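Trainee: Could you take me through one part of this protein in detail? I would like to see how charged side chains pair up, and then how the strands around them are arranged.

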Amino acid sequence: MEINSVQLEQVNNQIHRLIASDNFYGRKLKEAGVTGVSSAEEFKKLPFSNKQDLREAYPLGLMAVPEEEIVRIHSSSGTTGTPVIIPYTKKDVDDWAEMFRRCYEFAGITKKDRIHITPGYGLWTAGIGFQLGAEKLGAMAVPMGPGNTNKQLQFMIDMKTTVLTATSSYALLLAEEIEKRGIKDQICLKKGVIGSERWGEKIRQRISTELGIELYDIYGLTEIYGPGIGINCKYDTGMHIWDDYVYLEIIDPETGENVPDGEFGEIVLTTLVKEGAPLIRYRTHDLSRIIPGECPCGSRFPRIDVIAGRSDDMIKIKGVNVFPKQIEEILALFPELSSEYQIRISHLEGKDTMRIYVETNGTVDFLDLAKRIATEVKSRIGFTPLVKVVEIGVLPRSEKKTKRVIDERYD
Ligand code: ZN
C-alpha cells in the first residue's frame, strides 16, 4: 500500500512545519539532513521515530506550535522510565473526537445509544477519548471510569446502558461478575467497544457470549492521538484505519523495510494533519498485518488485523523465536482451558525455561492435560515447556492490561 500524493503532500508540510518550529523532532530531522519529501521512495528513507526519542523530549520538547495554541496534554503510562508528554491543539482534540465518532459510527452505534465508559480518565488518553467521541456522535456518555464493580453493575442496570467500552480484561471481569450474580436479564448491553490490547479469540468468545453482545476492537495509542484511529466494522474483517489522519506502514522490525500487504510486521504510523506534536514514521512496536483486498462494507479505509503482540514481546528461548500469540493459539486448541494464562520465562540451572500456567475446572486430570499441552508446544514450536494446570480463578485478572508474559531472566 503506497503512500498517495495527498498524503505525501501532507507529510511534506509536516516536515516543513517541524523544522521551522525547531522543536525536538524538527532538530532531529534537520540533523538527519531531511528538508522535505517528494516521492514514495524518499518517504521510505525518512528516519523512524520511537518512544525513546519522545522520552528525551520530556516534558514539552515535542511542542511544534506556540504554547498559546496548546489546549491540553496527555501522557503515556510511564511504567518504565520517563513518561512521554503529548501536547494537543484545539484542532488535534477536534480531529481525535471526529475519528472516534467515526469509530462509533462504523460499529453501528447511534445518538440513541447510552455509552458506559470504564477506561480511566486523567493523564492517559483512554476515558476522555471514548467520552469525546460519544459526545460528538450525540450519544449519552456515562463516564464511570474504572473500578467499583458494584457501582458499575448498578449503573449498567439503572441507566440501561447499551454500549460497554472497556479493556478486554475488564470486560471479562464484568462478564464473569454478571454471570456469577445471575443478573444477565437486567443488562441492556448490545455492543462492546474494546481497547486494542492483544486478546485471543477465546476471551472474545467468552465476553461476547456471557454478555450477549457484538464486539468491536478499537485501535490507537497516546503518542498518535489515543484510541480511536481505527475500528473493525460489522463484517469483522480487521480494523479500518483512518488514513486521512494517519498513514500506516507495516515493517519488518529487524530490517526496517516495508513488508508486502498480508505479511505480519510492526505497525509504523505517520500523523498527516496533527499540529501539537506531529510524528513521522513512529514505531509502535505493535505487531499486525495489512489485510489485502476490499472489505464487504465497501469502505476504502485500509484494514489491519487484530494486534498479534508487541515486537519487543518476542521471546527467544532455546534459540527459537516465540511470540505469545503462538502459545495462545495452541492453548485455544484445548476447550477444557479458561481464557486466562500466564507465561514465565526463567533461567534455571544454566538453561532457559518456559513455564506456562493455565486454568481449568476440577473435572479434568491436571497432569494429563499438562502433558498434552507440552507435547503440542513441542510439536508446533520446537521446545518443551513446563506446564502447570491450576483451578479456574487462580490467575490474576486486572482492570487495566493483564500482564501475561513475565520474563524473569533479567530481574
Ligand atoms: Zn469494513
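Mentor: Happy to: we will go through the salt bridges and then turn to the strands. Please keep in mind that this is a predicted model.

The count of salt bridges comes to 24. As general background, side chains of opposite charge can pair when their charged atoms come close. Let us start inside one helix. Lys180 forms a salt bridge with Glu177, and the closest N and O atoms are 3.6 Å apart. Both residues belong to helix α8 (residues 168–181), where they sit 3 residues apart, about one turn of the helix. The two partners differ in how they are covered: Lys180 counts as exposed because its relative accessibility is 66%, and the cut-off for exposed is over 50%. Glu177, with a relative accessible area of 17%, is buried because that value is under 20%.

Now look at a pair that reaches across the sequence. Arg204 and Asp236 meet through their side chains in a salt bridge of 3.4 Å, N to O. This pair links distant parts of the chain, with Arg204 in helix α9 (residues 201–211) and Asp236 in the loop between β8 and β9 (239–241), 32 residues apart. Arg204 is buried at a relative accessible area of 10%, while Asp236, at 44% relative accessibility, counts as partly exposed.

Another salt bridge joins Arg300 to Asp243, with the closest N and O atoms 3.4 Å apart. Here too distant parts of the chain are linked: Arg300 is in the loop between β12 and β13 (303–304), Asp243 is in the loop between β9 and β10, and 57 residues separate them. This time the arginine is the exposed partner, as Arg300 has a relative accessible area of 57%, whereas Asp243 is buried at 12%. If you would like a group rather than a pair, find Glu98, Arg101 and Glu105, which are linked in a network of salt bridges.

From those loops we can move to the strands. An open sheet is formed by 4 strands in the order β10-β11-β12-β14, with antiparallel pairing. Its edge strands are β10 (246–251) and β14 (309–310), each of which pairs on one side only. Strand β12 (residues 282–288) runs antiparallel to β14, and 2 bridges join them. Leu287 has Gly309 in β14 as its bridge partner.

For a strand with partners of both kinds, turn to β18 (residues 351–360). Strand β18 is mostly covered, as 9 of its 10 residues are buried. Strand β17 (residues 337–348) is joined to β18 by 9 bridges, and the two run antiparallel. Within this pairing, Ile343 stands opposite Ile356 in β18. The hairpin of β17 and β18 has 2 residues between the strands, and Glu349 takes a positive phi near 45° there. Strand β19 (residues 386–391) runs parallel to β18, and 6 bridges join these two. Glu359 has Val390 in β19 as its bridge partner.

One last stop is the loop between β7 (214–221) and β8 (226–232), which holds Thr222. Thr222 is buried, with a relative accessible area of 10%. Its side chain makes a polar contact of 2.9 Å with the side chain of Thr125. Leaving aside neighbours within four places in sequence, Thr222 is also in contact with residues including His74, Ile86 and Tyr88.

Technical notes:
Residues are numbered from 1 along each chain as its sequence is written. This is a predicted model: local features need pLDDT of at least 70, side-chain atom pairs count only at pLDDT 80 or more; totals for chains, interfaces and linings use all residues. Side-chain values use heavy atoms; hydrogens and water are left out. Two strands pair if DSSP finds at least two bridges between them. Buried means under 20% relative accessible area, exposed over 50%, partly exposed in between (1.4 Å probe, protein chains only). A polar contact is a pair of N or O atoms within 3.5 Å; within protein, one must be able to donate a hydrogen and the other to accept it, and residues adjacent in sequence count only if both atoms are side-chain atoms. Contact means heavy atoms within 4.5 Å. A salt bridge is a side-chain nitrogen of Lys or Arg within 4 Å of a carboxyl oxygen of Asp or Glu.
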